[in-house]
Amino acid sequence: MALIDTRREYDHLFGIYVPIAIGVFALILVVMLAAVVIFRRRPAERAARWSEHNALEGSYAALLACVAAFLLYLTFTAEHRVDTVANRQRAAVVVNVIASKWEWTFTYPAYGFSVRSGTVGRQPLVVPAGEAVRFNLTSVDVIHAFWIPALRYKHDAIPGSTQVITLSFTKGVFAGQCAEFCGLRHPDMVFTAHAVSPASFGAWARSRGRGPTP
Amino acid sequence: MGAQPGEGADPVSVATAPPARISRMTGWLGTLTSTDHKRMGLTLGGLSLLYFLLGGLFALLMRTQLAQSNMHFVSDNSYNELFTMHGSTMIYLFVTPMAIALAVYLVPLQIGATGISAPRLALAGLWTWICGGLIMQQGWFASGGAGRAGWSSYAPLSNGTNTPGVGQDLWVIGVILAAAGMAAMAGCVVATIARRRAPGMALLRMPVFTWTALVTVLMVVASFPILVLVMVLLYIDRHGGHIFTGFTGAIDYQDLFWFFGHPVVYVMFFPYLGAAAEAIAVCSHKRWFGYIAFVASMMAFAAMSTAVWSHHMYTTGGVTNQYFAFTSTLLLVPAGVEYFDAIGTLIGGALVLRTSMLFALTFFLQFLVGGLSGVFVASPVLDYQVYGTYMIVAHFHYTLFAGSIFGFFAGVYHWFPKFTGALLRERLGKLQLVLMVIGTNLTFFPMFFLGNDGMPRRVSRYPTHPGWGTLNELETIGAGIIALGVLVFLVNVWTSLRRRVPAGDDPWLGHTLEWATSSPPPPLNFDRPLPPISSYSPLLDLRHEEMDRGGEPAEVSAAR
């Protein structure tokens, strides 16, 4: 089964929603402007007296409902993949993400070590590229949100719960940040994610921790 | 700006009007104690307008801080106070109360009533709201600063540990009083519509604006008590109550808050839609198109507004995203009907492009950007990216500012002659429109790109990504141009009141009953018998009858 890619799911939906929106806007703009140009500066007594066409309006509403159904079908399909199917994938690595004011702690339970994004060292989150990575999100104080803009995905870290999300990365360096206002230093609650080859990831993790538990 | 005492001092008793006692006191004391719905409406609207200027000032300070990536114009703490108080001032103290002010002033006139029901309750509501606003703003003088947990003040960020201090307490109390006051006034409007319609004014003959006002006040009555409740609970929580604790506490707060918070979005939209609709119909010399469908679409909108709240919570993992995506996306059906009706009104009309009409048309076009981006963010997968970013800021400013505020100005230019008896200057009005259209789109359109590109909202500093600096600079310039437009409006009001061009009773050939009385209306609203009411535009019916008898319609339009 192909890896669920949040970026691809987003771009796919974006590529359908946005052109439709632009088309609708252009259509209404043109019709309104045309109506204004055609019907301006006529004497008041020439104004039409009709004011209703319920059959036409009903058909139009039915057409709109079909558009809504089409968009919902696309959204539900993508949402099922991102939220449900992704979490069923076998994860190559699990990272526990602990959000706190105003830093991120990434723990690799399989390797027995943590890195912290905060003022001490500004250590990056390191993940293997091309594999499913599972994140268990929680917070120790207020609500934060774990967001990597390039992956087109974010999820809240809420105190008192652990929420599971699964992401996949291509090789590269990605900026991450808190996306839920969390108080005074919220703008500084940033991190960097390094997605490296699985081999490099393994080497890095073993050098940091006690090595993978069998 | 108040009603002129003495004018129409001998009102003809209208219809079933119960004997009403209206304070004739003049001056400040009269304004503050009058139970005349027109004076209450003007007081509420006038104070709301002052809060618009205050909230706008906060926005200008924020935009100055954001002009470049790492400005040190205000501190982080001040910035957090500013965005909290900008949102709170605009929502609790301007757009919502202004919507209610329009309803309080206009609904009794439009349905041929001599006053508002339960006027002393309405006056008490007005005072409660005034106290709420003043208390909220007093936070600026508290040590530690004003409220600074956002206009939605999510728990547990807003609890006593994470946001200590009197300023946040004053914010909570202010919201409680403002919401309770507005709920009381809205209840009076509901009662007025239920009990005081003139003979012949069946529900389905009520003007379009009155219908938008009715669905608005119904939503207020249904949802504002929830806000009062959640704020009381938050106050207890802040003082050792431990109410919103753990995961369920955090989710419960958001569920309760947005159960108010989404209906209020439409409260801040419908009356302005109604104002724009009246302006378009009158300036087209044509009845509003598709009345029944429009009324049905608004009722559907209002009902669904109570079933979409958790689309603000897609990323929490605490709600059923599919359900809220379903209800939220379906909103495009009633919204689409409203556009159909606006276009249907224009087609076949005899259009006069005066300022009110231009603001109304711009309202529809700019709101469309907000509406279409609303369909976009109703999709959880798309919202996972743009939630909490400038994309959302762009979306709701296109609905609230580019939409509602333009609808508000359409209403102001349309009804100012009725409120004051004087016409506003058309040239200044058009200058204001041009400035505001340029400023609005320059400020808010780049935000779509910034948000999609990863710029979070509610940050005083941002990384120096390529392009971000330029876009933010453009936005700051745009905010300045908006401020210039608002300044032109104030000059227009000042000039028009100082050197009055008398408006007469009905300068635009209006369709509805407020144009069948003097400007401003006398204390009991109507100084002559009401015309027969057999549709939602009784004065247009009269004109049509006159035309059919071969007479020319009285063209009294004083403005171009």
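In what order do the strands of the open sheet that begins with strand 3 of chain A run? The order is 3-2-1-5-8, in an open sheet of 5 strands with mixed pairing. Before going further, please note that this is a predicted model.

Let me stay with that sheet for a moment. Its edge strands are strand 3, residues 113-116, and strand 8, residues 163-168, of chain A, and each of them pairs on one side only. From one strand to the next, the twist averages 25°. Inside the sheet, strand 1, residues 93-100, pairs with strand 5, residues 132-139, of chain A; the two are joined by 7 bridges in the parallel sense. If you want a pair of residues to find on the screen, take Val97(A), whose bridge partner in strand 5 of chain A is Leu137(A).

Chain A has another sheet to look at. What is its strand order, starting from strand 4 of chain A? That order is 4-10-9-6-7, again an open sheet of 5 strands with mixed pairing. At the edges stand strand 4, residues 125-128, and strand 7, residues 153-157, of chain A. Each has a single partner strand, so one side of each is left without a neighbour in the sheet. The average twist here is 25° from one strand to the next. Strand 4 of chain A runs parallel to strand 10, residues 190-196, of chain A, with 4 bridges between them. Here the pair to find is Val127(A) and Ala195(A), the latter in strand 10 of chain A, which stand opposite each other. Across strand 4 and strand 10 of chain A lies helix 3, residues 198-208, of chain A, running at about 135° to strand 4.

Now the whole of chain A. It has 3 helices and 10 strands. Reading from the N terminus, the elements run α-α-β-β-β-β-β-β-β-β-β-β-α. The radius of gyration of chain A is 25 Å, where the globule rule gives 17 Å for 214 residues, so the chain is more spread out than a compact globule. Along its principal axes, the C-alpha trace of chain A spans about 85 × 45 × 30 Å. Of the 214 residues, 35% count as buried. As for contacts in chain A between residues at least 6 apart in sequence, 69% of them join residues at least 24 apart.

How is chain A divided into domains? The assignment gives domain 1, residues 6-39 + 54-88, and domain 2, residues 93-208. The centres of domain 1 and domain 2 of chain A, taken over C-alpha atoms, are separated by 34 Å. Where the domains touch, 5 residues come from domain 1 and 6 residues from domain 2 of chain A. On the domain 1 side, the elements giving two or more residues are helix 1, residues 6-39, and helix 2, residues 54-88, of chain A. Helix 1 of chain A gives the most to that side, with 3 residues. By class, the domain 1 side has 2 nonpolar, 2 polar and 1 charged residues.

Next, chain B. How many residues does each chain give to the contact between chain A and chain B? Chain B gives 71 residues and chain A gives 67 residues. Several helices of chain B each supply at least two residues to its side, including helix 3 (76-110), helix 7 (246-267), helix 12 (355-377) and helix 17 (538-548). The chain B side divides into 42 nonpolar, 24 polar and 5 charged residues.

One helix of chain B to follow here is helix 10. Its buried residues are Asn321(B), Phe324(B), Ala325(B), Ser328(B), Thr329(B) and Leu330(B). These buried residues pack against helix 2 of chain A, together with helix 9, helix 11, helix 12 and helix 13 of chain B.

Last, a single residue. Gly349(B) is in the loop between helix 11 and helix 12 of chain B. Is Gly349(B) buried or exposed? Gly349(B) is buried, because 26 other C-beta atoms lie within 10 Å, and 20 or more is the cut-off for buried. Leaving out residues up to four places away in sequence, Gly349(B) touches Phe39(A), Ala47(A) and Ala48(A) in chain A, and Ser284(B), His285(B) and Lys286(B) in chain B. Of these, His285(B) is 64 residues away from Gly349(B) along the chain, yet their C-alpha atoms are separated by 6.1 Å.

Methods. Residues are numbered from 1 along each chain as its sequence is written. Chains are lettered from A and ligands numbered from 1 in the order in which they are written. This is a predicted model: local features need pLDDT of at least 70, side-chain atom pairs count only at pLDDT 80 or more; totals for chains, interfaces and linings use all residues. The radius of gyration is taken over C-alpha atoms; the globule rule is 2.2 Å times the number of residues to the power 0.38. A residue is buried if 20 or more other C-beta atoms lie within 10 Å of its own, exposed if 12 or fewer, and partly exposed in between; C-beta atoms are placed from the backbone. Two residues are in contact if their C-beta atoms, placed from the backbone, lie within 7 Å. Two strands pair if DSSP finds at least two bridges between them. Axes are lines fitted to C-alpha atoms, for helices over the stretch in contact, and angles run from 0 to 180 degrees between N-to-C directions. Domain bounds come from an automatic or database domain assignment. Ala, Val, Leu, Ile, Met, Phe, Trp, Tyr, Cys and Pro count as nonpolar, Asp, Glu, Lys and Arg as charged, and the others, Gly among them, as polar.
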